[in-house]
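I open these notes to keep a record of what I looked up in this model, working from the whole chain down to single side chains.

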Amino acid sequence: MPPSHASTSDPKPAGPSGGVQSLERAFDLLERMADAGGEVGLSELSASSGLPLPTIHRLMRTLVVCGYVRQQPNRRYALGPRLIRLGESASRLLGTWARPYLQRLVEETGETANMALLDGDEIVYVAQVPSKHSMRMFTEVGRRVLPHSTGVGKALLAHTPADEVRALLARTGMPAATEKTITTPDGFLDALEQVRRAGYAVDDNEQEIGVRCLAVPVPDSPTSAAISISGPAGRVTETATERIVPILQQIAKELSEALASSGPTS
């Protein structure tokens, strides 16, 4: 039997990485849409990607049919609902991949270890390994909190432009969880400056009285992520902080390298 046309030729040229170029371009457009806030016009995508409008229109039409993009009444394109399920599954897997590193964090610090992501305007905890102490902190995986009262929130927003931080705080408000919670945008921006100088973030009784949290971002994570330890303020002292922060930073670096190591396979 003679071979079919599909088995003798591939109508989609390979991209620079050796993959399918149209697929690489489609994912690049989705990421550009996310970077732009989730909704863009074709001309904006063309300007940022360098692709011709007919190519972008063809790719977006395919993404719309698949449900990963939707076209708004104003003719602009927005990220579609089918991405939500993919994102939720990926978040759960990210937490699973992080657990061995969080376990090491518990073993080396003695305190509860967490991993959190920035999801829209909120912080969501995706993984936790509890401390072995009888008195320990517990945050339910899947819990969502506002970033202004958490160490992970500060770590995740430390390098976000000030105007974007102010816009986020305007949308969420800054309710006080305790009397130590930062409740003004200027105060929060000052705290972010401290994070940038120190290289780590602190929640000092701001989310819950009697609890201190130390957090660092996971550098170059595929999505904004941070890891942290939390424990009673009587154990997570200033002296303990000097010991714990280098451990946090090292494990965050190793986790980042592990996430980046899943390169292309043959």
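**Whole chain.** I began with burial, and of the 266 residues of the protein, 39% count as buried. The model is a predicted one, and I counted its secondary structure as 9 helices and 9 strands. I then looked at how far apart in sequence the contacting residues are: among contacts with a separation of 6 or more, 54% come from residues 24 or more positions apart.

**The sheet.** I traced an open sheet of 6 strands, in the order S6-S5-S4-S9-S8-S7, with antiparallel pairing. Its edge strands are S6 (144-145) and S7, each of which pairs on one side only. As a reminder to myself, strands of a sheet pair through backbone hydrogen bonds, either parallel or antiparallel.

I followed the pairings one by one. S4 and S5 run antiparallel and are joined by 7 bridges, and I noted Met 115 with its bridge partner Ala 127 in S5. The hairpin of S4 and S5 has 2 residues between the strands, and there Gly 120 takes a positive phi near 65°. S5 (residues 122-129) is mostly covered, with 7 of its 8 residues buried. On to S6, the antiparallel pairing with S5 runs over 2 bridges, and Val 124 stands opposite Arg 144 in S6. Farther along the sheet order, S8 (residues 211-217) and S9 (residues 225-232) pair in the antiparallel sense over 7 bridges, where Pro 217 has Ala 226 of S9 as its bridge partner.

I also asked what lies across these strands, and found helix H9 (residues 238-260) lying across S4 (112-119), S8 and S9, at about 35° to S8.

**Helix H8.** Does the length of H8 agree or disagree with what its residue count predicts? At 1.5 Å a residue, the 14 residues of H8 (residues 185-198) should span 20 Å, and the end C-alpha atoms are 20 Å apart, so the two agree. I listed its buried residues as Phe 188, Leu 189, Ala 191, Leu 192 and Val 195. Seen down the axis of H8, these buried residues fall within an arc of 155°, so they line one face of the helix. The spacing fits a general rule: an α-helix has 3.6 residues a turn, so residues three or four places apart point the same way. On the other side of H8, Asp 190 and Arg 197 are exposed. The buried residues of H8 pack against helix H6 (151-157), helix H7 (162-172) and strand S7 (201-204). After H8 comes Gly 199, with a positive phi near 90°.

**Two threonines.** Thr 150 sits in the loop between S6 and H6, and I asked whether it is buried or exposed. Its relative accessibility is 2%, and because buried means under 20%, Thr 150 counts as buried. Its side chain reaches the backbone oxygen of Pro 147 at 3.3 Å, while a polar atom of that side chain lies 2.9 Å from the backbone nitrogen of Gly 153. Leaving aside neighbours within four places in sequence, I found Thr 150 in contact with Ile 123, Tyr 125, Val 145, Asp 203 and Gln 207.

Thr 112 is found in S4, and at 0% relative accessibility it counts as buried. A polar atom of the side chain of Thr 112 lies 3.0 Å from the backbone nitrogen of Ser 131.

Key. Residues numbered from 1 in each chain as written. Predicted model: local features only at pLDDT ≥ 70, side-chain atom pairs only at ≥ 80, totals over all residues. Heavy atoms only, no water. Helix = DSSP H or I, 4+ residues; strand = E, 2+ residues; numbered from the N terminus. Expected span 1.5 Å × (residues − 1). Buried < 20%, exposed > 50% of the residue type's maximum accessible area, 1.4 Å probe, protein only. Arc of directions from axis to C-beta. Contact = heavy atoms within 4.5 Å. Pairing = 2+ DSSP bridges. Axes fitted to C-alpha atoms, helices over the stretch in contact; angles between N-to-C directions. Polar contact = N/O pair within 3.5 Å; in protein donor to acceptor, adjacent residues only side chain to side chain.
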